[in-house]
Amino acid sequence: MSSATEIIHSVPVDKLTGSISVPVYQTSTFVQEAPGVNKGYDYARSNNPTRKALETMVTKLENGHDAFAFATGLAAIDSVLKLLSTGDEIIAVDDIYGGAYRLFTHVYEKFGIKIHYVDTTEAENILNHINDKTKLIWLESPTNPTLKISDIQRISEIAHSFNSLVVVDNTFASPIAQRPFEYGADIVIHSGTKYLAGHSDLVAGLVVTSTQELSEKIKFIQNASGGILGPWDCFLTIRGIETLPLRFKQQSATALLIAQFLESRDEVDHVYYPGLSRHKNHEIAKAQQNGIYGGVISFSLKGDTQDAANTFVTSTQYFKLAESLGGVKSLLCHPSQMTHASIPREKRIESGIQDSLIRLSCGIEEVEDLISDLEFAFSKIYQTQKVLAK
Ligand SMILES: *Cc1c(COP(=O)(O)O)cnc(C)c1O
């Protein structure tokens with residue numbers, strides 16, 4: 001694991017001025033001495049020193065070969081899909097991020113890419129769909145929002161025996177809990193919007209590669225398609241990453257206490273949190289995630305009604321009702337009406353996203369305050385139900 005020391009010193013002091021923080025190179029172009037003679041930078045779509053500093057930092061964070069910063073997580077995902085050609089196939093985890101589902105199904109299927117959605121928590125399920133056209137196995141672990149865990153090492157072995165690459169969207173675990181290259185993954189994705197930047201103040205995406213060959217291909221696509229992250233957002237993401245180890249550990253400790261609190265409540269049907277020993281994939285999570293499970297928890301309510309979930313998500317004070325996760329302020333959302341609304345209900349239910357499922361993202365507030373906030377929201381469901389019963 002990268003230590004906090006390594007992380008905060010992975011961005012060097014500015015050679016020109018001694019500036020201890022990275023300068024924001026707010027420029028479109030770089031002056032050349034003679035045609036083609038430059039200081040390594042010619043045009044800001046191709047490269048920018050502030051972006052380079054972020055990309056170097058994330059390369060070290062994931063222990064990869066190189067990293068590439070994009071305007072959003074989805075732009076990062078999109079750049080990886082551009083490695084494919086018509087006729088290629090993808091096997092993707094079934095409760096994939098809603099935006100990735102939309103991109104795969106509604107944009108790339110049109111170009112003749114076939115996608116199989118599979119429950120990858122059983123690695124062997126992949127064998128039912130993998131063939132010589134399979135070019136990518138697309139994993140999220142933990143998944144969003146039901147926090148399923150896939151065995152990256154086992155799946156990488158299967159994938160590589162069919163010459164397929166393994167992509168891990170590592171947004172939920174962050175490199176603090178999990179470094180997929182250690183288990184054989186080929187490409188790592190981050191929505192930098194979430195834990196990396198960590199303050200709910202920007203959108204960003206990263207692709208991290210494991211080999212020279214993949215680095216060259218993604219670099220080409222980044223420049224050819226142009227969906228890069230601007231210098232100011234690169235600066236903010238760097239600043240966010242400096243406190244990532246502190247934040248992520250604190251958020252994980254808070255989430256474990258809240259998950260235990262939720263388990264103790266009569267109103268709750270099921271709690272999804274990989275840190276709970278009852279979680280279906282707890283043992284793999286424990287081994288693969290360094291015993292640290294992140295700040296996201298999902299839970300469903302008894303009776304499974306959307307009304308009860310609506311009352312709950314509109315009754316909290318500190319948990320703000322908003323999409324996204326991983327920031328210092330706690331958030332909650334109702335996936336079936338928000339983040340996962342683009343997935344048809346049948347498919348949603350199949351992958352465990354019930355009508356009452358609520359997702360929490362724990363911030364860095366005091367855990368006692370967050371628990372009181374949730375207690376109040378539970379009391380509101382009870383009051384509403386009493387009024388309805390009259
Ligand atoms: C948010 C998210 C994305 C998309 O990232 P954006 O920055 O919103 O484009 C992709 N994967 C996961 C797991 C996410 O949570």
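**Figure 1. Two domains, one chain.**
Domain bounds come from an automatic or database domain assignment, which gives domain 1 (3–241) and domain 2 (245–389) for this protein chain. What you're looking at is a predicted model, so local features need pLDDT of at least 70 and side-chain atom pairs count only at pLDDT 80 or more, while totals for chains, interfaces and linings use all residues. Residues are numbered from 1 along each chain as its sequence is written, and side-chain values use heavy atoms, with hydrogens and water left out.
How far apart are the C-alpha centres of domain 1 and domain 2? They sit 27 Å from each other. Where the two meet, domain 1 puts 39 residues into the contact and domain 2 also puts in 39 residues (contact: heavy atoms within 4.5 Å). Measure up the chain's C-alpha atoms along the principal axes and you get a box of roughly 85 × 50 × 35 Å. In total, the protein chain has 13 helices and twelve strands, which are DSSP runs numbered from the N terminus (helices: H or I, at least four residues; strands: E, at least two). Take the contacts between residues at least 6 apart in sequence, and 73% of them join residues at least 24 apart. As for burial, 55% of the 390 residues in the chain are buried (under 20% relative accessible area; exposed is over 50% and partly exposed in between, with a 1.4 Å probe and protein chains only).

**Figure 2. Close-up of the second largest pocket, which lies between the domains.**
A pocket here is an open set of points on a 1 Å grid over the protein atoms alone, where a 1.4 Å probe fits and protein lies on both sides within 12 Å along at least five of seven lines; lining residues have an atom within 4 Å of a point. The second largest pocket comes out at about 410 Å³, with volume being the space filled by probe spheres set on points joined across faces, edges and corners. Which residues lie nearest its centre? Look for L74, Y97, G99, S191 and K194, out of 28 lining residues. Three elements, α3 (73–81), α4 (98–108) and β6 (187–191), each bring at least two residues to this lining. Because domain 1 (3–241) and domain 2 (245–389) both contribute lining residues, the second largest pocket lies between them.

**Figure 3. Close-up of the largest pocket, at about 530 Å³.**
Twenty residues line the largest pocket, and D14, K15, Y25, Y41 and P49 are the closest to its centre.

**Figure 4. Close-up of V167 in strand β5 (residues 165–169).**
Is V167 buried or exposed? It has 0% relative accessibility, so it counts as buried. Skip the neighbours within four places in sequence, and V167 is still in contact with V80, L136, I137, W138, L139, I187 and I189. For a sense of scale, the C-alpha atom of V167 is separated by 23 Å from that of I353, 186 residues away along the chain.

**Figure 5. Close-up of S300 in strand β9 (residues 296–301).**
S300 counts as buried because its relative accessibility is 0%. What does S300 touch, once residues up to four places away in sequence are not counted? The list runs E267, V268, D269, H270, Q354, S356 and L357.

**Figure 6. Close-up of two cis peptide bonds, S141 to P142 and N144 to P145.**
Most peptide bonds are trans, which makes this loop worth a look. The bond from S141 to P142 is cis with omega near -5 degrees, and P142 sits in the loop between β4 (134–140) and α5 (152–161). In the cis bond that joins N144 and P145, omega is about 5 degrees. P145 also belongs to the loop between β4 and α5.

**Figure 7. Close-up of N63 and D304, each with a positive phi.**
Most residues other than glycine have a negative phi. N63 isn't a glycine, yet its phi is near 55 degrees. You'll find N63 in the loop between α2 (49–62) and β1 (66–70), and it counts as exposed because its relative accessibility is 51%. D304, another non-glycine, has a positive phi of about 45 degrees. Where does D304 lie? It's in the loop between β9 and α11 (306–313). With a relative accessible area of 27%, D304 is partly exposed.
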